[in-house]
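The following exercises ask the reader to work through a protein model, from the whole chain to single residues. Each task is followed by a solution in steps.

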Amino acid sequence: MAAVYDDYGPDRVGFFFGLTGPRLAALTLAVIPVFVAANQQRWLLAAQLAAIAAVVTVLVVVPVRGRSATGWLLASLSFTVGKAFGWTSWRSKAATGKAEALENADLPGVMTGIEVHDGAPKGPTQTRYAVIQDHGLRTWAMTAAIRHPGVGMAEGDRRDQYGRGLTELLDVAARASLISDVVFLVRTVPDDGAERQQWIAAHRRPDGPELARRMNDELATALTRAAVRTESFVTFVVPEARITKQAREFGGGLEGRTRVLYALADEIAAMLRGGIGMTDVTWLTSPQLALAVRTGFAPADRAGIIDALAAHQTDPTVCTEVPWAMAGPSGADTTMRHYSHDAWNSISSTLKLPDRGACLGALAPVLTPSEPGERRSYTVVFPILPFSRADRQTASGEWAADMGEGLRGRLQIRQRSRDRDNVTRAHRLDAKLASGHALTRPYAVACVTVTKTMRVAEFGRRLDASIRRAGFAPLRLDLAQDAGFAAATLPLGLGLTRKADE
């Protein structure tokens, strides 16, 4: 029997009936004038102030699809202003004829600050791995393509071993005091049949039986439409504020930071091959990463790249690399409900962790396409808190849980099962942190991509249905679809909660 993981709780536990400090302060400021007016027996004014306090309570407290009404108001206002000034539409420099240096990344939206460097030569082959720098968030990252036998057919003991291996990986990353995020990304891409067509062209005999040839072609057409390929990546992110000191010991600058990242990459690769059971961990070079980004924006472009690789074997002059200036889309538009890029539309949703917990591998239904030509992907991000900050937050959460429990007891309010579970989990989390484990706040983002000839809204509903079938609750990333697509589809180490200098 596989273990069920449910040792998680709210990111912030309100100490007064679930209310955090800022919300409680806002409600207090709204209610105090009501009591002042009532004390002065100005009943009409008190009624008017009570109505205003009720409106403030609804705006601040009542959640609407994961956000408060105030949050929705600010997000809608920001989106409207951006739409009016044309900030939600983007066109690449290559599409407008303004591209200069092909090695410079030209990506839209939250990816604007991305720059990819060639790291220092490493190993007997002197390979230069890609080093991702995000100028906007002031972070550094490296990405590897990984292969895993999967957990679908694994026994409970083997799944538990993978779970312990993931825990050890996060603990090692926390002890290094450098890595802030570990990101796992999986994409199921519709099979384009490019490799099969090349194999048939090289091995098919011209004098073969016509019936066998026709049956083989029909079978290949049917299977190709239904088949998918799986791509998996892992990315670790290091903030600039944490890497600066150690980079000086290696000479400083880009080379110093590269050598620090290389050392961390070796540690991460060893942990991935060990407890987690990865069969292959290959750190990507800059051309390989550009190819992964390009196929993230346009899944159908892979067939042309495979054909170019085959032609390069006979004609070395054939270009097989995707320049970074053309790795992104030629144009992208952000709408309220989906993200449009070139000939494709994408919809992203976050996943709410279930109270009953989840088993390792529970996200498998999310990757199952509902129709041919549909691309599914998801990313699971593990933000790792420094031990000092984790200790403060754990102590604060435990104190808030105990305070809420005490207030309910004094006011003789019946405590619900969920409240009791939150208190128990807060104490259990503190015990695990005291034993040396790292504190992480994982979250997942899923995305579906289809061509513009297909109804993306329908596929968005199917994605939400798959998330519910997996045991999670979907939450559509309205007004932030571009950020959701970048986090769920592109192996660049992007997330939804990271802030600059964090």
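**Exercise 1. The chain as a whole**

Task: Determine what share of the contacts between residues at least 6 apart in sequence joins residues at least 24 apart, and describe the chain in which they occur.

Solution. Step 1: In this predicted model, 76% of the contacts between residues at least 6 apart in sequence join residues at least 24 apart. Step 2: The secondary structure of the chain comprises 14 helices and 17 strands. Step 3: The chain has 502 residues, and 41% of them count as buried. Step 4: The exposed area is about 26300 Å², with 58% of it supplied by carbon and sulfur atoms.

**Exercise 2. Aromatic pairs**

Task: State how many aromatic pairs the model has, and establish the geometry and placing of the pair Tyr129 and Tyr262 and of the pair Phe236 and Trp283.

Solution. Step 1: Two rings are counted as a pair if their centres lie within 6.5 Å, and by this rule there are six aromatic pairs. Step 2: The rings of Tyr129 and Tyr262 have a centre-to-centre distance of 5.8 Å and planes at 80°. Planes over 60 degrees apart count as edge-to-face, and the pair Tyr129 and Tyr262 is accordingly edge-to-face. Step 3: Tyr129 belongs to strand E6 and Tyr262 to helix H8 (residues 253–273), so the pair ties together parts that are 133 residues apart in sequence. Both Tyr129 and Tyr262 are buried.

Step 4: Phe236 and Trp283 likewise form an edge-to-face pair, at 5.7 Å centre to centre and 85° between the planes. This pair links distant parts of the chain, with Phe236 in strand E9 (residues 228–239) and Trp283 in strand E10 (residues 280–283), 47 residues apart. Step 5: The relative accessible area is 1% for Phe236, which is buried, and 8% for Trp283, which is also buried. Step 6: Ring pairs also join Phe297, Tyr339 and Phe485 into a cluster.

**Exercise 3. Two helix residues**

Task: For Leu261 and Ala483, decide whether each is buried or exposed, and identify the contacts each makes beyond four places in sequence.

Solution. Step 1: Leu261 is found in helix H8. The cut-off for buried is under 20% relative accessible area; Leu261, at 0%, therefore counts as buried. Step 2: Beyond its neighbours within four places in sequence, Leu261 is in contact with Val131, Trp140, Met142, Phe236, Val238 and Ile243. One of these, Phe236, is also the partner of Trp283 in an aromatic pair. Step 3: Between Leu261 and Ala247, 14 residues apart in sequence, the C-alpha to C-alpha distance is 9.3 Å.

Step 4: Ala483 lies in helix H14 (residues 481–489). Its relative accessibility is 17%, and Ala483 therefore counts as buried. Step 5: With neighbours within four places set aside, Ala483 is in contact with Val110 and Leu496. Step 6: The C-alpha atoms of Ala483 and Gly109 are 7.7 Å apart, although 374 residues separate the two in sequence.

**Exercise 4. Cavities**

Task: Report how many cavities of 30 Å³ or more the structure contains, and describe the lining of the largest cavity and of the second largest cavity.

Solution. Step 1: A search of the whole structure gives two such cavities. Step 2: The largest cavity has a volume of about 60 Å³. Twelve residues line the largest cavity, and those nearest its centre are Asp134, Thr139, Ala141, Leu492 and Gly493. Strand E6 (127–134) and strand E7 (139–147) are the elements that give two or more residues to this lining. Step 3: By class, the lining of the largest cavity has seven nonpolar, three polar and two charged residues.

Step 4: The second largest cavity has a volume of about 30 Å³. Its lining residues are Val183, Leu185, Thr235, Thr379, Ala487, Leu490, Pro491, Gly493 and Leu494. Step 5: Here the division is six nonpolar, three polar and no charged residues.

**Exercise 5. Positive phi angles**

Task: Locate Gln41 and Gln126, and give the phi angle of Gln41 and of Gln126.

Solution. Step 1: Gln41 is not a glycine, yet its phi is positive, at about 60°. Gln41 sits in the loop between helix H1 (21–39) and helix H2 (43–61). Step 2: With a relative accessibility of 61%, Gln41 counts as exposed. Step 3: Gln126, also not a glycine, has a positive phi of about 55°. Gln126 is placed in the loop between strand E5 (114–122) and E6.

Key:
Residues are numbered from 1 along each chain as its sequence is written. This is a predicted model: local features need pLDDT of at least 70, side-chain atom pairs count only at pLDDT 80 or more; totals for chains, interfaces and linings use all residues. Side-chain values use heavy atoms; hydrogens and water are left out. Helices (H or I, at least four residues) and strands (E, at least two) are DSSP runs, numbered from the N terminus. Buried means under 20% relative accessible area, exposed over 50%, partly exposed in between (1.4 Å probe, protein chains only). Contact means heavy atoms within 4.5 Å. On a 1 Å grid over the protein atoms alone, a cavity is a set of points where a 1.4 Å probe fits but cannot get out, and a pocket is an open set with protein on both sides within 12 Å along at least five of seven lines; lining residues have an atom within 4 Å of a point. Grid points are joined across faces, edges and corners, and a volume is the space filled by probe spheres set on the points. Ala, Val, Leu, Ile, Met, Phe, Trp, Tyr, Cys and Pro count as nonpolar, Asp, Glu, Lys and Arg as charged, and the others, Gly among them, as polar. Accessible areas come from the Shrake-Rupley method with a 1.4 Å probe; for residues, only the protein chains shown count as cover. Rings of Phe, Tyr and Trp (its six-membered ring) pair if their centres lie within 6.5 Å; planes under 30 degrees apart count as stacked, over 60 as edge-to-face and the rest as tilted.
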